[in-house]
Amino acid sequence: MRRRRAAVAAGFCASFLLGSVLNVLFVPGSEPPRPGQPPGPSPAPAPGRRGGRSELARQIRARYEEVQRYTRGGPGPGAGRPERRRLMDLARGGPGLQRPRSPRVPRTRTPPDGTLGWPPAPDPPRLGCAALRNVSGAQYVGSGYTKAVYRVRLPGGVAVALKAVDFSGHDLGSCVREFGARRGCYRLAAQKLLKEMVLLERLRHPNVLQLYGYCYQDSEDIPDTLTTITELGSPVEMIQLLQTSWEDRFRICLSLGRLLHHLAHSPLGSVTLLDFRPRQFVLVDGELKVTDLDDARVDETPCESSGDCVLEFPARNFTLPCSAQGWCQSMNEKRNLYNAYRFFFTYLLPHSAPPSLRPLLDSIVNATGELTWGVDETLAQLEKVLHLYRSGRYLQNSTTSPRAEYRRVPDTTIPQENYHCWPSYHHGGCLLSVFSLAEAMDVCESHSQCRAFVVTNQTTWTGRQLVFFKTGWSQIVSDPNKITYVRASA
């Protein structure tokens, strides 16, 4: 009886949670407003707030005009002509929106070694309200100051992320307490979500989260609430990243370097991320992608002298030159770069790296920590590290002839006799990536426990082979996808 009561209670709670999420996010939507149409008037605030209505309207107007600037394009040097089309134009069909096709999740493309340019990111599929009417597996992921994030699975089976203004969040709550106007405060908060949607579209890049679409719908007592539909990623957990292989950690730093290069040379001008923390990023198939852009800024800081160009951080400050045009030189770029150093590079780049690459990695960490390099030079050096690592050139001065001979046993593997090493791709054994058979022998020689190794047919993102290292070979079994090498002499 107690089990039955517990099951009924659990089922009721699950049904209530799912119903609440669906009620907030997935009711049938309306046609989005025309671009250029300003927000409507805000409801009157609660009595007693003197001048509150005009102040709230002023803040809404300021955010709205900022979004319009990003929609039209930025004035930054070298910026291309803005795209002249309706942002996120969804097909009209009857009373609602036409049902779009299920999204395809594009794979990240890697440029040739040594190049700084990226091919344009593919156009993401456009999804609207119709795609949200038959979703499954709704899960609350988390929330921040303004937004809440949910994970859902579309009818085609693809999982996506949904973002909406958090009705219980600090941003909306503090505004309502100050102005007493729930609908007006929602409009103010929603402008941040709209700004992020516009920037995701304008800044498309392999290291910017893909925007799949959006939907306007009625939610609670507020009409036309906005929900954005994006690519789904996993949160960046620094403690977990420190336990992964150096190769995967370097991939994250390389992704970040490519992203910062793109932001410094974007069609909108140089973009800085004012809220630059690991929680503003996600991982998608091992690639780092920025997901939170509502606190991004394009405008450079005006100045009359270098005293107006001070970059302030908790540990230290930097003074940048003031240009003849009255702008702080590269302040947006340098702010991003130092944040990349203090949140990512200093922890992820040097530790457990191949010894021959450490001097170059140390120079990258030191130069970004002192801001002696810009993003162009930083990315060029990161790409150099990738070329040395992927080509095996980092082994030229470190690889020695193996001290022992190894017997090759094709089409076999050793299922047991594992030992632990760090960092390993496998928690139950020692699984490492190698460039060549000679490097695998060197690794085995350097491990006192190693008496054999098994070369798999799996490769990492750089094309390196994954190899299991073993303590012996007492039990060898058949496996057509692996090759075993056993140590013939001590």
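Biologist: Which residue in β11 stands opposite Ser-234?

Modeller: Leu-283 does. Bear in mind that this is a predicted model.

Biologist: What makes β9 and β11 a pair?

Modeller: Two bridges, running in the antiparallel sense. The cut-off is at least two bridges, so β9 and β11 qualify. Strand β11 covers residues 281-284.

Biologist: What packs on the sheet there?

Modeller: Helix α6, residues 246-264, which touches β11 and β12. The direction of α6 makes about 40° with that of β12.

Biologist: How do you know which way β11 and β12 pair?

Modeller: Four bridges join them, in the antiparallel sense. In one spot, Val-282 stands opposite Lys-289 of β12. The two strands form a hairpin with two residues between them. Asp-285 in that turn has a positive phi of about 55°.

Biologist: What is the strand order in the open sheet of three?

Modeller: β9-β11-β12, with antiparallel pairing. β9 (234-235) and β12 (287-290) pair on one side only, which makes them the edge strands.

Biologist: What makes you say both faces of β12 are covered?

Modeller: The burial pattern. Glu-287 and Lys-289 are buried on one side, and Leu-288 and Val-290 are buried on the other.

Biologist: Now the five-stranded sheet. Which are its edge strands, and in what order do the strands run?

Modeller: The order is β16-β20-β18-β19-β17, in an open sheet with antiparallel pairing. β16 (406-413) and β17 (430-434) are the edges, each pairing on one side only. Neighbouring strands are turned by 30° against each other on average, direction ignored.

Biologist: How many bridges join β18 to β19?

Modeller: Five, between residues 452-459 and residues 465-470, which run antiparallel. One of the contacts in that ladder is Phe-453, whose bridge partner in β19 is Phe-469.

Biologist: How do you know the length of α2 agrees with what is expected?

Modeller: Helix α2 (residues 52-72) has 21 residues, and at 1.5 Å a residue they should span 30 Å. The end C-alpha atoms are 30 Å apart, so the two values agree. Among the buried residues of α2 are Leu-56, Ile-60 and Tyr-64. The cover on its buried residues includes α3 (170-179), α4 (182-202) and β13 (296-297).

Biologist: And what covers the buried residues of α9?

Modeller: The cover includes α6, α7, α8 (358-370) and β17. Helix α9 has 17 residues, 375-391, and reaches 24 Å, close to the 24 Å expected. Gly-392 follows, with a positive phi near 80°.

Biologist: How many aromatic pairs does a search of the whole structure find?

Modeller: It finds 16.

Biologist: Why is the pair of Tyr-140 and Tyr-150 given its name, and what is that name?

Modeller: The ring centres are 5.9 Å apart, within the 6.5 Å limit, so the rings pair. Their planes stand at 70°, and over 60 counts as edge-to-face, so edge-to-face it is. Tyr-140 sits in strand β4 (residues 136-143) and Tyr-150 in strand β5 (residues 147-153), ten residues apart.

Biologist: Are these two tyrosines buried or exposed?

Modeller: Tyr-150 has 13% relative accessibility, under the 20% cut-off, so Tyr-150 is buried. Tyr-140 has 48%, which falls between 20% and 50%, so Tyr-140 is partly exposed.

Biologist: What class do Tyr-338 and Tyr-341 belong to, and why?

Modeller: Centres are 5.3 Å apart and planes at 40°. That angle is neither under 30 nor over 60, so the pair is tilted. Both residues lie in helix α7 (residues 331-348), three residues apart, about one turn. An α-helix has 3.6 residues a turn, so residues three or four places apart point the same way. Tyr-338, at 4%, counts as buried.

Biologist: Which residues do ring pairs link into a cluster?

Modeller: Trp-246, Phe-250, Tyr-389 and Tyr-394.

Biologist: What makes Lys-470 a residue over the face of Phe-468?

Modeller: Lys-470 lies at 5.1 Å from the ring centre, and the limit is 6 Å, so the distance test is met.

Biologist: Last one. Why does Arg-316 count as partly exposed?

Modeller: Its relative accessibility is 31%, which lies between the 20% and 50% cut-offs, so partly exposed is the right class. Arg-316 is in the loop between β14 (310-312) and β15 (317-319). Beyond its sequence neighbours, Arg-316 contacts Leu-311, Tyr-338, Gly-369 and Glu-370. Arg-316 and Glu-370 are 54 residues apart along the chain, with C-alpha atoms separated by 10.0 Å.

Notes: Residues numbered from 1 in each chain as written. Predicted model: local features only at pLDDT ≥ 70, side-chain atom pairs only at ≥ 80, totals over all residues. Heavy atoms only, no water. Contact = heavy atoms within 4.5 Å. Axes fitted to C-alpha atoms, helices over the stretch in contact; angles between N-to-C directions. Expected span 1.5 Å × (residues − 1). Buried < 20%, exposed > 50% of the residue type's maximum accessible area, 1.4 Å probe, protein only. Phe/Tyr/Trp six-rings, centres within 6.5 Å; stacked < 30°, edge-to-face > 60°. Lys NZ or Arg CZ within 6 Å of the ring centre and 35° of its normal.
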